[in-house]
Amino acid sequence: MHNPVLLQDAITGLNVKRNGLYIDATVGEAGHTKDILKLGGKVLAIDRDPGQIKKLIIDSQSAQKLKLVVGNFADIESTAHANDFIPADGILFDLGLSMRQVNNSGRGFSYRNRDEPLDMRLSDTLDLTAADVLNSYGQDKLYEILAGFAEEVYAPAISRSVIRARSLKPIKRVGDLTRLIDQVLTGKDQRTYARVFQALRIAVNDELDNLEKGLDGALKILKKTGRIVTITFHSLEDRIVKQFIRNKKLRQLNKKVNRGKSSLSFERSAKLRIFTTP
């Protein structure tokens, strides 16, 4: 199992107490959840992807203090009430994809998996795939997605190229999209691939709106002395968290944001914030 980015910082930030109630809003491969259980906490673990929940392996002793739920953390308030997990001592939002999702989901999350379909849905309950976006959205809407969700400088040229390319042949697979980007850039650029794929994933899964709803719901079910920990991976997510802290007049406990230190670029972009009620 790949250790989550900033794992120890996140666990320290949660200040886990024996028999305390903790919500892992994005359980993934359960790296955080397992450490909370080891420290004696009880965990409500949520994930949108039922495949993630299905593949978790938790020892029988720890499982007694664990509830697993397939769901969207945008609904964290109702999920916590339904599972008698209130008030929560700590809530964690790790907004990165798990390595299993990136490498083995078959949903086209990575630009390296060229033969995979451009799906990018975190849940089968969603109707719209990344391929649907690319093959049906107008040029202006495609531009808004690429420019707004990835701040992509080539957004105008890529959106125009998508319209031209799909008139000849539907854009269905990862390789179809990376080849199209290569033609726009007249060369390969992994950073551009990463930004474009990020933007499409955010659009398909409505990730930024869900984050705003999740943070709002989390605050409503948090114990007065409880803590919320967020791990973001790009500026748009972090901006939402910062604005939430400021607008709700919350207290950030780590004055200097914890940052990822891995050699992997996506891990280096990680920012961890720990905050609580005033």
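This passage looks at the enclosed cavities of a predicted model and at what lines them. Residue numbers start from 1 along each chain as its sequence is written. Local features need pLDDT of at least 70 and side-chain atom pairs count only at pLDDT 80 or more, while totals for chains, interfaces and linings use all residues, and side-chain values rest on heavy atoms, with hydrogens and water left out.

A cavity here is a set of points, on a 1 Å grid over the protein atoms alone, where a 1.4 Å probe fits but cannot get out; lining residues have an atom within 4 Å of a point. Grid points are joined across faces, edges and corners, and volume is the space filled by probe spheres set on them. Two cavities of 30 Å³ or more turn up.

The largest cavity comes out at about 540 Å³. Its lining runs to 37 residues, with T26, D94, L95, G96 and L97 nearest the centre. Two or more lining residues come from each of α2 (31-38), β2 (42-47), α6 (99-104), α12 (207-221) and α14 (265-268), where helices (H or I, at least four residues) and strands (E, at least two) are DSSP runs numbered from the N terminus. Top contributor is α12, with four residues. The lining of the largest cavity is a mix of 15 nonpolar, 13 polar and nine charged residues; nonpolar means Ala, Val, Leu, Ile, Met, Phe, Trp, Tyr, Cys and Pro, charged means Asp, Glu, Lys and Arg, and the others, Gly among them, are polar.

The second largest cavity holds about 40 Å³. L134, L142, L146, I158, V162, L177, V196 and L200 line this second cavity, eight nonpolar residues with no polar and no charged ones. Helices α8 (139-150), α9 (155-168) and α11 (190-205) each supply at least two of them.

Notes: 1 Å grid on protein atoms, 1.4 Å probe; cavity = no way out; pocket = protein on both sides within 12 Å on 5 of 7 lines; lining within 4 Å.
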